[in-house]
Amino acid sequence: MPTIYFDNAATSWPKPPAVSAAVSGHLAEAGGNPGRSGHRMSVAAARVVEDGREALAELFHVSDPSRLVFTHNATHALNLALYGLLRRGDHVVTTSVEHNSVMRPLRHLETLGVELTVVPCTPEGTLDPDAVERAMRPTTRLLVTTHGSNVVGTVLPIAAVAALARTHQVPYLVDASQTAGAIPIDVQEAGVDLLAFTGHKGLLGPTGTGGLYVREGIVLAPLIRGGTGSDSAHEVQPEFLPDVFESGTLNVAGIAGLAAGVRFLLDVGIEAVQAHERALVARFLEAASDLAGLTVYGPRDVTARCGVVSFNIAGAMSSEVGLILDQSFGIMARTGLHCAPSAHQTLGTFPGGTVRFGFGWFNTAADLDAAMEALGAVAAWGAKGVAWTA
Ligand SMILES: Cc1ncc(COP(=O)(O)O)c(C=O)c1O
């Protein structure tokens, strides 16, 4: 049975060979602690970290790489931004399609006296910037939205939201977990103040990597404090970037792999990745429209989407479909609520959830055609209401 990996929205696989080579090469040859010592292995490790920062700066068009701080993942980056900025009495605006990595910190901050408005998106996951405008208050201190929905693949209008954030002089935090490495992002052109990203999805790096871009002029309190290898004579946290937010030894091996993933993408071109994923989404939508019993969520227009599609099959639970796809067809998909209950409420798919395919650079049209054939068989089975037999 072939392996068809359609769970790139959870984490990407396979990684380019250069990513594994960079991780193992670092561990074998340059495993010092970055910025902590003056010897050559420590210096080499620091160079790995700065090379990663420079690669990310090139990718996101950040002119000063020190404004990109490394985190363990997008969740860590989002928490850093949210807890670093929001205080009792502040008002924050978000959307109904956010991942729990945004929603849970915000719901917790509510218990600490932060006021929250969740702007409803349409059942297709689309956000109307005018609805965001109407939610603004004089106390609004932050706007936070995802860039691409991890449930339904809808791309939100971040440039329009950034424009209204600028008008109201309110910082704008974008969760680029599903779009970094898959859709071109220019933080300056888009007018984004804070960009949270994860390293292990579209950026093709290892798990345990991610980061936050912090625009000049945005002041955040650090989430944790501790050793940075810099300013060691002082017992208070240094205030300069990136050290203020990078306490504790970094995941240097992971960053080495992340840098290799980003450089792979810079060579391929993010536009090429976007075109490839769009072609797979278009092929999926086209084939799905001929399959009786298949309900696909989200916009029909592929230009309004990233490489994520969500669907259900009549007569079957999403978890059953996922199990059958894996065990009978070798297809890896994610099922259920995708850590985003509010997004499923928006779509009308709560609490059962959906089956999600997350496409990536290494998926092919042949993978997609095989998966559609499998979905045809599963849909025919769902219509009968009998036990599945492989
Ligand atoms: C939209 C979105 N935000 C945040 C996250 C959290 O990413 P990580 O697990 O890397 O922290 C994910 C991952 O599923 C996501 O899809």
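A residue is near a molecule or strand if one of its heavy atoms lies within 4 Å of that molecule or strand. By this rule, 13 residues surround the ligand in this structure. The structure is a predicted model, in which local features need pLDDT of at least 70 and side-chain atom pairs count only at pLDDT 80 or more, while totals for chains, interfaces and linings use all residues. Residues are numbered from 1 along each chain as its sequence is written, and side-chain values use heavy atoms, with hydrogens and water left out.

**The ligand and its surroundings**

- The closest residues to the ligand are T75, D175, Q178, T198 and K201.
- Polar contacts are pairs of N or O atoms within 3.5 Å; within protein, one atom must be able to donate a hydrogen and the other to accept it, and residues adjacent in sequence count only if both atoms are side-chain atoms.
- T75 has a polar side-chain atom 2.5 Å from an oxygen atom of the ligand.
- For H99, a polar side-chain atom lies 3.3 Å from an oxygen atom of the ligand.
- A74 takes part through its backbone, where a polar atom is 3.3 Å from an oxygen atom of the ligand.
- On its own, the ligand has 390 Å² of accessible area, and the protein covers 89% of this. Accessible areas come from the Shrake-Rupley method with a 1.4 Å probe; for residues, only the protein chains shown count as cover.

**Salt bridges**

- Side chains of opposite charge can pair when their charged atoms come close.
- A salt bridge is defined here as a side-chain nitrogen of Lys or Arg within 4 Å of a carboxyl oxygen of Asp or Glu. The count by this rule is ten salt bridges.
- E110 and R107 form a salt bridge with an N to O distance of 3.0 Å. Both residues lie in helix α4 (residues 100-111), three residues apart, which is about one turn of the helix. Helices (H or I, at least four residues) and strands (E, at least two) are DSSP runs, numbered from the N terminus.
- E110 is partly exposed at 30% relative accessibility, and R107 is partly exposed at 44%. The classes are buried (under 20% relative accessible area), exposed (over 50%) and partly exposed (in between), using a 1.4 Å probe and protein chains only.
- E115 and R137 are joined by a salt bridge whose closest N and O atoms are 2.6 Å apart. E115 lies in strand β4 (residues 115-119) and R137 in the loop between α5 (129-135) and β5 (140-146), so this pair ties together parts that are 22 residues apart in sequence.
- R283 and D369 meet in a salt bridge at 2.8 Å, N to O. R283 belongs to helix α9 (residues 270-289) and D369 to helix α12 (residues 365-384), so the pair ties together parts 86 residues apart in sequence.
- R283 is partly exposed at 38% relative accessibility, and D369 is partly exposed at 35%.
- E50, R53 and E246 are joined into one network by salt bridges that share partners.

**Helix α6**

- Helix α6 spans residues 158-167, and I158, V161, A162, L164 and A165 in this helix are buried. These residues cover an arc of only 165° around the axis, so they lie on the same side of α6. The arc is that of the directions from the helix axis to the C-beta atoms.
- R166 and T167 are exposed on the other side of α6.
- The buried residues of α6 pack against α5, β5, β6 (172-175) and α7 (187-190), where contact means heavy atoms within 4.5 Å.
- Q169, just after α6, takes a positive phi of about 55°.

**Backbone features in loops**

- The peptide bond from L241 to P242 is cis, with omega near 0°. P242 is in the loop between β8 (210-214) and α8 (252-268).
- Another cis peptide bond joins F350 and P351, with omega about 5°. P351 is in the loop between α11 (341-347) and β13 (354-358).
- D231 is not a glycine, yet has a positive phi of about 55°. D231 lies in the loop between β8 and α8 and is partly exposed at 38% relative accessibility.
- H338 also has a positive phi of about 55° without being a glycine. H338 is in the loop between β12 (334-336) and α11, and is buried with a relative accessible area of 1%.
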